[in-house]
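Reader: Here is a model to go through. I would like to know what its cavities and pockets are, and on what grounds they get those names.

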Amino acid sequence: MTETIMTETAMTETILVINAGSSSIKFQLFDAADGTLPVRLRGRIEGIGTTPRLVVQDGSQDGGVPLPAESGDGVPGALAFLGAWLRERLGGAMPVAVGHRVVHGGPAYDTHVAVDDAVIGTLETYVPLAPLHQPNNLAPIRTIRKLLPDVLQVACFDTAFHRHHSELADRYAIPDALYQEGVRRYSFHGLSYEYIAGRLPDLAPEIAGGRVVVAHLGSGASMCAIRDGRSVDSTMGFTALDGLPMGTRPGQLDPGVVLYLMDKGMDARAIERLLYHDCGLKGLSGISNDVRDLLASTDPRARLALECFAYRASLAIGSLAAAMGGIDGLVFTAGIGERAPAIRKAIAERARWLGFDLDEAANAANALCITTPDSRVKGCVIPTDEERMIALHTRKILRRHRSA
């Protein structure tokens with residue numbers, strides 16, 4: 001199996017997709033020539049900053065390969081190791097393009113773009129809007145520009161799918177000068193929502209052209225109202241702090257809380273640390289930010305955290321349904337949405353008033369359809385694939401770049 005993958009990969013042009021976090025780099029290698037973009041390799045480098053190791057999901061690197069000490073303990077060293085490993089794996093060939101997930105495109109980018117120095121400079125200015133993500137998204141772009149300056153790199157934005165929202169949906173009730181400056185509701189997880197919208201015609205055609213709420217529930221969590229395949233509104237706003245409670249982020253929060261913390265003597269960095277790292281499920285439970293840990297716990301604080309999560313999610317469904325004038329479908333995706341039947345059930349029970357009738361056996365099995373035949377609102381579980389969306393957008397820009 002491994003030899004087949006190596007041979008096939010070396011014989012064709014490939015697109016590398018990188019989704020970088022603070023301690024891990026997820027990657028997938030796609031066949032750029034095949035119209036279906038089959039995956040040739042997927043894996044990750046985890047433990048960056050502590051004990052980094054490469055894990056390849058084709059059975060060839062079971063348990064992971066430790067990175068050598070000379071590679072360093074940061075993202076640049078990990079990427080240099082990955083590049084050398086890929087070059088050997090591909091018989092000396094390298095990808096023709098690299099696509100990156102970049103969380104915040106700010107007011108400057110309403111679509112995905114080829115990277116140059118000016119683009120990097122602009123994206124740097126949005127670091128304060130996504131301090132948990134943006135620096136890690138930009139680090140591999142800079143490193144690859146140094147290692148492979150001639151390889152096309154593409155920045156794919158989580159905000160792009162939402163940029164055609166109406167002004168009514170994007171506005172805060174603040175002075176117009178701030179809106180013109182870029183203080184508006186951008187919304188996030190757009191690559192995931194775009195993928196789900198693209199899958200609905202095949203997997204749930206009866207709701208694909210209707211009014212659908214998609215729940216992207218993971219460590220970062222949000223919901224999006226999608227009508228006829230287009231984003232109408234979302235729970236996230238100016239930053240990825242707003243909306244639902246998340247693993248370590250609070251979700252919706254009265255701005256007065258921030259003023260209160262300032263009056264108590266906390267500076268901006270301390271407040272940033274609190275809101276991005278110490279709130280959400282972690283803050284509520286005092287135990288963990290991982291839903292699996294909380295579901296397994298008998299501590300009443302764990303139950304409170306999960307109930308709060310489900311309660312806020314159910315409120316969001318009603319709000320997003322109102323934005324569309326009704327609801328025809330509810331789709332769960334991402335780690336919690338795809339693999340936590342208990343959480344889906346807790347949310348579904350609070351959404352019964354909308355016409356959501358859960359099929360408990362189907363829900364327990366993580367089936368595609370988790371509602372009964374008589375349910376007025378169709379419920380689905382659809383795995384997301386942000387990396388594939390990045391590959392599709394990267395290939396489109398690569399073709400445009402070559403024909404220019």
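Author: Start with the residue classes: Ala, Val, Leu, Ile, Met, Phe, Trp, Tyr, Cys and Pro count as nonpolar, Asp, Glu, Lys and Arg as charged, and the others, Gly among them, as polar. The model is predicted.

Reader: How do the residues of the lining of the second largest pocket divide under those classes?

Author: That lining has 21 nonpolar, seven polar and seven charged residues. The space in the second largest pocket is about 1200 Å³. Its lining has 35 residues, and Y172, T239, L241, D242 and L253 are the closest to the centre. Elements giving two or more residues to this lining are β11 (230–234), α9 (255–263), α10 and α13 (300–324).

Reader: What makes the largest cavity a cavity and not a pocket?

Author: A cavity is a set of points where a 1.4 Å probe fits but cannot get out, whereas a pocket is an open set, so the largest cavity is one that the probe cannot leave. Its volume is about 50 Å³, and the search of the whole structure finds one cavity of 30 Å³ or more.

Reader: Why is R101 called a lining residue of the largest cavity?

Author: R101 is listed in that lining, which means that R101 has an atom within 4 Å of a point of the cavity. The lining also includes H133, D158 and R249. By class, four of the lining residues are nonpolar, three polar and three charged.

Reader: What is the make-up of the lining of the largest pocket?

Author: Nine nonpolar, 21 polar and 13 charged residues line that pocket. Helix α14 supplies the largest share, five residues.

Conventions:
Residues are numbered from 1 along each chain as its sequence is written. This is a predicted model: local features need pLDDT of at least 70, side-chain atom pairs count only at pLDDT 80 or more; totals for chains, interfaces and linings use all residues. Side-chain values use heavy atoms; hydrogens and water are left out. On a 1 Å grid over the protein atoms alone, a cavity is a set of points where a 1.4 Å probe fits but cannot get out, and a pocket is an open set with protein on both sides within 12 Å along at least five of seven lines; lining residues have an atom within 4 Å of a point. Grid points are joined across faces, edges and corners, and a volume is the space filled by probe spheres set on the points. Helices (H or I, at least four residues) and strands (E, at least two) are DSSP runs, numbered from the N terminus.
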